[in-house]
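Here's a quick briefing to read with the structure open. It walks through a few spots worth clicking on.

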Amino acid sequence: MFLDTRVLRYLTAEDWRVLTAVEMGSKNHELVPTPLIERIARLKGGASGVHKSIATLAKSGLIGRMKEAKYDGYRLTYGGLDYLALHTHSSKDVVYSVGSRVGVGKESDIMIVADKTGKQKILKIHRLGRISFRTVKSNRDYLRNRQGGSWMYLSRLAAMKEYAFMQALQEEGFPVPEPISQSRHTIVMSLVESLPLRQVASVPDPASLYAELIDLILRLAKHGLIHGDFNEFNILIKEERTSKYTIEDGEEKETETVTLVPIIIDFPQMVSMDHANAEMYFDRDVECIKRFFKKRFHFVPTQPGPFFKDAKKTVGKDGAKRLDAAVEASGFTKKMLKELEKAIQEQQAKIDAGEAVEEEESNEGEEEEEEEEEEEEEEEDGSDSDDEEDEEVGEDQQEEQEHAVFEIPANVGRPLSDAEKGLEKLSLGGKSGKRRV
């Protein structure tokens with residue numbers, strides 16, 4: 001789903017009250033009755049004012065109606081939830097403007113935002129349910145067991161969990177983006193000028209970087225945590241430059257050294273070392289790093305491991321704080337964790353079975369229209385096939401750009417010469433001045 005903020009500035013205070021009323025009513029109703037919206041909003045203009053705001057919100061796609069519903073009512077869409085979250089961030093002076101989308105995953109969108117001072121930040125929008133896991137015949141039944149409201153609730157849980165872990169990890173000195181604010185299914189965090197590890201073609205010292213990443217896995221384990229998705233997609237490589245001044249032949253000379261620093265991102269799937277499947281998650285994280293370094297950098301470690309049984313013995317040692325317990329104390333309860341883990345496991349099981357089909361990012365109410373679409377499928381097969389081929393070509397080209405790789409020069413880790421200074425290695429896609437998070 002694309003985040004369109006053009007209508008945001010034109011919504012009135014009454015519109016926001018009605019939109020909030022629909023959200024509140026969604027806690028107990030899949031379809032919030034119009035009389036209930038009127039009671040919760042309590043506008044001065046009465047029912048007429050509510051209906052006017054409902055018309056505005058529905059036209060903008062922030063709320064929607066269900067076809068063939070037994071009563072008159074509306075439901076909150078992901079677009080409406082996005083607006084409510086942005087409204088909260090804006091009221092806290094965290095977000096003032098919204099830029100372009102810089103990343104997209106199976107279950108999230110990454111946006112560039114800025115505050116009133118112009119400082120850029122990252123807005124992560126969780127969208128569990130974007131991928132519809134289905135077989136050809138069982139799709140409709142599965143979606144009816146997971147209605148839109150529950151997906152929004154799970155997206156909120158994912159955001160709460162990730163924000164809590166980011167706060168806990170930052171307090172313990174782990175290299176993570178700075179968590180700034182969380183509202184509903186969104187998180188605002190600091191912008192890290194870096195490259196994803198998957199886009200790095202070579203490094204001057206693979207052994208050193210590998211050792212640092214394995215050390216991060218063991219540090220997390222020592223604090224009672226397993227990342228659960230520790231791979232080249234969720235590791236950023238940041239260049240830190242340090243300058244040193246020396247006197248040579250009576251003249252002051254500046255030398256600059258560049259150091260590679262890994263930054264960890266994406267924490268909704270993080271689990272405790274006491275988790276029932278902890279060993280499987282730990283071994284998978286280690287194997288992901290080993291496999292990537294062997295394939296990309298042709299580096300194979302000389303020593304086996306690390307192993308879960310050894311990491312388990314270090315949990316809580318040397319005064320290490322149990323961060324899994326700290327996150328639970330922050331308000332993210334075990335019940336919330338179980339609900340989120342169940343949804344993630346269901347999704348992963350479908351992916352492993354090859355049953356994941358990307359759902360079109362258009363109308364959240366498309367499940368109600370599927371029966372009508374099925375009747376028209378045979379007539380549209382001919383025309384749709386051409387469109388699908390064009391879409392596949394476009395997706396292939398986009399994927400090539402997304403997975404473009406770049407070499408980090410051998411001068412990283414040693415002083416730069418005067419001729420080497422000023423070389424910029426972070427620009428992607430051949431467009432100067434633009435950087436990917």
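What follows covers a sheet, a helix pair and a single leucine.

Keep in mind that this is a predicted model. It has an open sheet of three strands, paired antiparallel, and helices α1 and α3 that cross at roughly 80°. There's also L337, which sits in helix α11.

**The sheet**
- Going across the sheet, the strands come in the order β1-β3-β2, and the pairing is antiparallel.
- That puts β1 (32–33) and β2 (63–64) at the edges, each pairing on one side only.
- β3 spans residues 73–76, runs antiparallel to β1 and is joined to β1 by two bridges.
- If you want a specific pair to look at, P33 has G73 in β3 as its bridge partner.

**The α1/α3 crossing**
- Helix α1 covers residues 13–25 and helix α3 covers residues 46–59; their axes come within 9 Å.
- With a crossing angle of roughly 80°, which falls in the 65 to 115 range, the two helices are therefore roughly perpendicular to each other.
- On the α1 side, the contact uses E14, D15, V18 and L19, which meet V50, S53, I54, T56 and L57 of α3.
- By type, the residues of this contact split into five nonpolar, two polar and two charged.

**L337**
- L337 belongs to α11, the helix running over residues 334–352.
- Is this leucine buried, exposed or something in between? L337 has a relative accessible area of 27%, so it counts as partly exposed.
- L337 and Q269 lie 68 residues apart in sequence, and their C-alpha atoms are 9.8 Å apart in space.

How values were computed
Residues are numbered from 1 along each chain as its sequence is written. This is a predicted model: local features need pLDDT of at least 70, side-chain atom pairs count only at pLDDT 80 or more; totals for chains, interfaces and linings use all residues. Side-chain values use heavy atoms; hydrogens and water are left out. Two strands pair if DSSP finds at least two bridges between them. Helices (H or I, at least four residues) and strands (E, at least two) are DSSP runs, numbered from the N terminus. Buried means under 20% relative accessible area, exposed over 50%, partly exposed in between (1.4 Å probe, protein chains only). Axes are lines fitted to C-alpha atoms, for helices over the stretch in contact, and angles run from 0 to 180 degrees between N-to-C directions. Angles under 35 degrees count as roughly parallel, over 145 as roughly antiparallel, 65 to 115 as roughly perpendicular and the rest as oblique. Contact means heavy atoms within 4.5 Å. Ala, Val, Leu, Ile, Met, Phe, Trp, Tyr, Cys and Pro count as nonpolar, Asp, Glu, Lys and Arg as charged, and the others, Gly among them, as polar.
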